[in-house]
Amino acid sequence: MASSSATLSLCSSFAAHCKATPNRCNPNLVSLPKPSIPVAKPVPGFIAPSSVGSTRPVFRLAPKFAESEAPVVESESESEVTESTESEPAEVAAEKPKREEVFAVVMVGGRQYIVFPGRYLYTQRLKDANVDDKIVLNKVLLVGTKTHTYIGKPVVTNATVHAVVEDHGLNDKVVVFKYKPKKKYRRNIGHRQPNTRIRITGITGYEDYPAAANVAV
């Protein structure tokens, strides 16, 4: 009886061990399939999560045209401001009367000069004129405008060029070198011609002189 009870206990323990580890006891048994985890299909417009068990929130991608709309509105506002600022000086300039463009050919000291109102030129030294003195040049050979040309015979009568003496000075140095061969004669002399700077203020008195119309070539 003792042997039979011992064998029964061994069998029961062996059966329990086999139930606990079925693969070792019976290798012919098929392994149980792994539990399947449902995978969500990707939705367009969303970012797929990196792992199934992650708890990070999913954000929707912003459309590409959202950023391009803001600069367009700003550029329109800037263009309106620039147009308004540009139109104001144009209106002010239109109100100012334009000065007539005129030039003249005048003779001073045996030389002829082309003069324009508001510009300056250098002439030979005017002995009787001092600085800031107003002078009048009467030898006007020609006066020209956009529409007419006044040609003098030899001068345009009653036409005068008004100017102001600004400064008295000297021209650039000119080197005068003299040499005689076989005579031991050499002379090196520098010379600076005195001049006067005048500014033209206006040209008047040519309107009554007979004029010829300018012909476009």
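Let's start with a pair of strands: S1 (residues 103-108) and S2 (residues 111-115) run antiparallel to each other and are joined over five bridges. Keep in mind as you look that this is a predicted model. Within that pairing, Val-106 sits opposite Tyr-113 of S2. Two residues lie between the strands, making the unit a hairpin. One detail for anyone who likes backbone torsions is Gly-109 in the turn, where phi is positive at about 65 degrees.

Now let's move on to the charged side chains. How many salt bridges are there? The count comes to two, and Glu-166 takes part in the one with Arg-197 as well as the one with Arg-199. Let's take them in turn.

In the pair of Glu-166 and Arg-197, the N to O distance is 2.8 Å. This contact ties together distant parts of the chain, as Glu-166 belongs to strand S7 (residues 160-170) and Arg-197 to strand S10 (residues 194-204), with the two residues 31 apart. In the pair of Glu-166 and Arg-199, the closest N and O atoms are 2.5 Å apart. Here too the link spans distant parts of the chain, from Arg-199 in strand S10 to Glu-166 in strand S7, 33 residues apart. Put together, Glu-166, Arg-197 and Arg-199 make up a network of salt bridges.

Are these three residues buried, or do they show some surface? Glu-166 has a relative accessibility of 27%, so it counts as partly exposed. Arg-197 comes in at 23% and is therefore partly exposed. Arg-199, at 27%, is partly exposed because its value lies between the 20% limit for buried and the 50% limit for exposed.

There is one more charged feature to visit. Which residues gather in a patch of positive charge on the surface? They are Lys-178, Lys-180, Lys-183 and Arg-187. One of them, Lys-180, is part of strand S8, which covers residues 174-180. The relative accessible area of Lys-180 is 46%, so this residue is partly exposed. That value also fits its place in the patch, because patch members need over 30% relative accessible area and no salt bridge.

To retrace the route in the viewer, begin at the hairpin of S1 and S2, go on to the salt-bridge network of Glu-166, Arg-197 and Arg-199, and finish at the positive patch that includes Lys-180.

Key
Residues numbered from 1 in each chain as written. Predicted model: local features only at pLDDT ≥ 70, side-chain atom pairs only at ≥ 80, totals over all residues. Heavy atoms only, no water. Patch = residues over 30% accessible without salt bridge, like charges linked within 9 Å, V, L, I, M, F, W, Y side chains within 5 Å. Areas by Shrake-Rupley, 256 points an atom, 1.4 Å probe, with all protein chains shown as cover. Salt bridge = Lys/Arg side-chain N within 4 Å of Asp/Glu carboxyl O. Lys, Arg positive; Asp, Glu negative; His and termini not counted. Charge placed at Lys NZ, Arg CZ, Asp CG, Glu CD. Helix = DSSP H or I, 4+ residues; strand = E, 2+ residues; numbered from the N terminus. Buried < 20%, exposed > 50% of the residue type's maximum accessible area, 1.4 Å probe, protein only. Pairing = 2+ DSSP bridges.
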